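This briefing treats one helix and its surroundings before turning to the fold as a whole. Please keep the structure in view while reading.

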Amino acid sequence: MSVITSERMLRVNPLRRLLVRPEIGAVAGSIAVWIFFAIVAGSSGFVSSRGASSYLSVSAELAILAVPVALLMIGGEFDLSVGSTVGATGMIIAILSAQFGWNIWASFVAALIFAVLIGIMNGYLVMRTRLPSFIVTLGTAYILFGVTSGVTSLVTGLTVVNGLDQAPGYSSAHAIFATALGGGQQFPIEIIWALALVALATWLLLGTSFGNWIFGVGGDANAARNIGVPVTRVKILLFIGTAVCACLLAIIQDVTFTNADVLRGQGSEFYAIVAAVVGGVLLTGGYGSAIGAMFGALAFGMVEEGIVFAGVNAEWYKAVIGIILLLAVLLNSYVRKLAMEARR
Amino acid sequence: MSTTNTAPLIDVQNVSKYFGSVIALKDISMSVNAGEVMCLLGDNGAGKSTLIKILSGVHQPSEGRYLFDGKEAHFSSPRDALSVGIATVYQDLAMIPLMGISRNFFLGSEPTKGWGPFSRFNVKFADQVTREELAKMGIQVREMTQPVGTLSGGERQSVAIARAVYFGAKVLILDEPTAALGVKEAGVVLRYIAQARARGLGVIFITHNPHHAYPIGDYFTILNRGSSYGTFAKSEISREELTAMMAGGEALEELSHELAEFALTDEKARAALAEAAREFEAEAQGLHVEQLPSKFLEAEHQYADQLPPTDGEGKR
C-alpha cells in the first residue's frame, strides 16, 4: 500500500531518528570512556586483549544483573534486593554442596527455586500493599542479608564457605559457568551468558506480547489494566526475572571462586540501577532497552578496570561513575525530549 | 422506542446503585440500539459515571435489570463486558503516552505468529492494521512507532475509538470524549462517533455539553442528582429545552433571577448618572463652574466601568 503522508509532517532526518534510540547515551558514554582510558592507560595495557578481558568480565557480571533490572524498571518497579539475593543464593549453594555434600547441580536447582520464591514474594508484596517497590524491596534486601548472615554463622560458624570444588558435579558446572574461552588471551564464559541474556531480553521486550505488556504496565498500569493486560502477573514475573538472574550470577561466582561469601552482591543492586539508567531506562518506567543496560554495564566495567590500569587508587572509580551517571541522565532526558517531538 | 423488532443492545430497567447509605443512582432506565447514538447528559455529580461503570462492568447494580442483547447480563469485571462487545473509552483513554501507536492499539490483544513459547508479536501486521483502521477514520500517521504522546487529544480519542471498533465492539461507551478538546477537535471526534454509528454500533455518548450532544444524538437521557428526567427522541426536544433540563429547572430559574438583578443594577446606574448629569447641567447653566459637583464625581467614580472611555481631556 502507498505511504500516507500529510502536509503537516516534515521529513525526519535519519540521523535524528538514530539519535532518539534509548541506548544512544550509553553507547556514546562507552565510546567516550574507552577513548579516555585508551589515552590515559593505553600504555599499561587497557587497549590490549588483557585489558578487554578484565573489563568485559566485570561488565558481564554487572550486565547479568542490570538487564533484568532494566526490564523491571521499564515495567515501573525497582528491585533493591538483587544484591542480597546474590549473597543468599550463593550461600545456599555453598552450604548445601560444600557443607552437606549435595551434588552441585541439585544445589543450583534449590537456589533457583529459592530465587523464584523471593521474586514471587517481592512481586506479591509490592502488588498487594501498593507500596513503592523501592521501599518494599529495600526491606526484603535487609531481611535477606540478615537471615543469610545469621543462618550461615549458625550452620558453619563462618561468613565465607570454601571448598565448592570438592562437591560432586563441580567439573561439569565449571565447564558451563566458569571456563575460559579463547586461544591466547582467555575470556571468561560469563561474557557469553551476559550476551545471551541481552539477546533474550531484547527479543522478549520487542518481539513478544509480554514485552508489549512490560512497556504498558510501566507506562500506565491503570490504563494497561483497563484494556486487559494482567498487570499483577507481568510485574511478579519481572520480579522473578531479577531474582533468577541474581541466582545465575551467584552460580557463576560460586563456581569461579569455589566459595561463597555472605557479603557478595552487596551494593550491586545500585550498580545495576545505575547501569540501567545510564542505558536510557526511564526511572519512572515505560521506556528503555536491554541493549542500553548492557552498554551501561560496559561503561561501568571500563571505568572500574580502567582506573586500575591507569594506576590511580581504585577508590576514585565511584566518583567517575557518579559523573557518568549524571551526564548520561542529562543526555538521556534530552534524547527523550527529542523523541517526543521528533515526529510531530 | 426502537423501530426494529430486535431487542436493544443494551437495556437497563429501573436500575439503582447504592454506596452504603448514599443513593448514587435511583430507578434509571435507558436503552441503546444498534446504529443509534444515545446521549447521556447530566451536570457534574448527576450519576453519569456511576451509570457507565455499571454498563461497563466495573460496578454491579444494587437493584434493577441489565439486559444485553435481550439476555440478562451479570458482568463481574470490565473484561467480561469487553468480551461480549461492550467497549468503554475512558477519559484517561487507556493509552500509554511513551508507547508507539500500533503498540498501543494492540496492547493486551497482540497479534502473534509462530507457536508455543516461540510465538512472536507480529509487529508488521499490527502496524498495517493500525494504519488501515486509522485511515478509515481519516487520520494520517506516517510512522506507527510514533509515541502516542505526540498526538493531539482528538487524535488520541480517535485512536481509542478506532481500536474499540476494530476489536469487535457492538456497543461503544464514550466517557466525556470531547471534554478537554478544542472546538475543531471536538468536531473531529463527533465525526468519528457518526462513523461508528454508520458502521452499525450502538454508541453511548456521555457528556455535559448539550452543544456536542444535540447534533450527534438520536436519543437523550438526562440525569440529575442520581435520577432520570427520562429519555427523549431528538424530534421531541429542542436544544434549548435540553440545555434547560440539564441545568435543572430550579437552578435555571435562580440563574434568571440573578441575571435580572444584574439588569436592575444597570438601570439604577443609568438613573443615577442621568440624575447627576441633569443637576450638573442645571448648575452649569446658572454659573460658570470650574469644579464639578461632588455628586457627579462620586457617580462617575462609582460607575466608571459602565461609561464610555474619555479622551485625553476628559471629554466623552
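G138(B) takes a positive phi of about 80° just after helix α4(B). The model is predicted: local features need pLDDT of at least 70, side-chain atom pairs count only at pLDDT 80 or more, and totals for chains, interfaces and linings use all residues. Residues are numbered from 1 along each chain as its sequence is written, while chains are lettered from A and ligands numbered from 1 in the order in which they are written.

**Helix α4 of chain B**

- Helices (H or I, at least four residues) and strands (E, at least two) are DSSP runs numbered from the N terminus.
- The end C-alpha atoms of α4(B), residues 123–136, are 20 Å apart, which agrees with the 20 Å expected of 14 residues at 1.5 Å a residue; the expected span is 1.5 Å times one less than the number of residues.
- V123(B), A126(B), T130(B), R131(B) and L134(B) are buried in α4(B); a residue is buried if 20 or more other C-beta atoms lie within 10 Å of its own, exposed if 12 or fewer, and partly exposed in between, with C-beta atoms placed from the backbone.
- These buried residues cover an arc of only 125° around the axis, which puts them on the same side of α4(B); the arc is that of the directions from the helix axis to the C-beta atoms.
- The buried residues of α4(B) pack against α3 (101–105), β8 (120–121) and α5 (153–166) of chain B.

**Nonpolar core**

- The largest nonpolar core has 180 residues, and those with the most contacts inside it are A66(A), V67(A) and L172(B); such a core is a set of buried Ala, Val, Leu, Ile, Met, Phe, Trp, Tyr and Cys residues joined through C-beta atoms within 7 Å.
- Not counting residues up to four places away in sequence, V67(A) touches L197(A), V198(A), A201(A), A290(A), A293(A) and M294(A); contact requires C-beta atoms, placed from the backbone, to lie within 7 Å.

**Chain A overall**

- Chain A has 14 helices and 4 strands.
- Buried residues make up 51% of the 344 residues in chain A.
- The mean pLDDT of chain A is 89, and 93% of its residues reach 70 or more; pLDDT is the predictor's confidence in each residue, from 0 to 100.

**Residue V329(A)**

- V329(A) lies in helix α14 (residues 317–342) of chain A and counts as partly exposed, with 16 C-beta neighbours inside 10 Å.
- V329(A) and I176(A) are 153 residues apart in sequence and 36 Å apart in space, C-alpha to C-alpha.

Methods
Contact = placed C-beta atoms within 7 Å.
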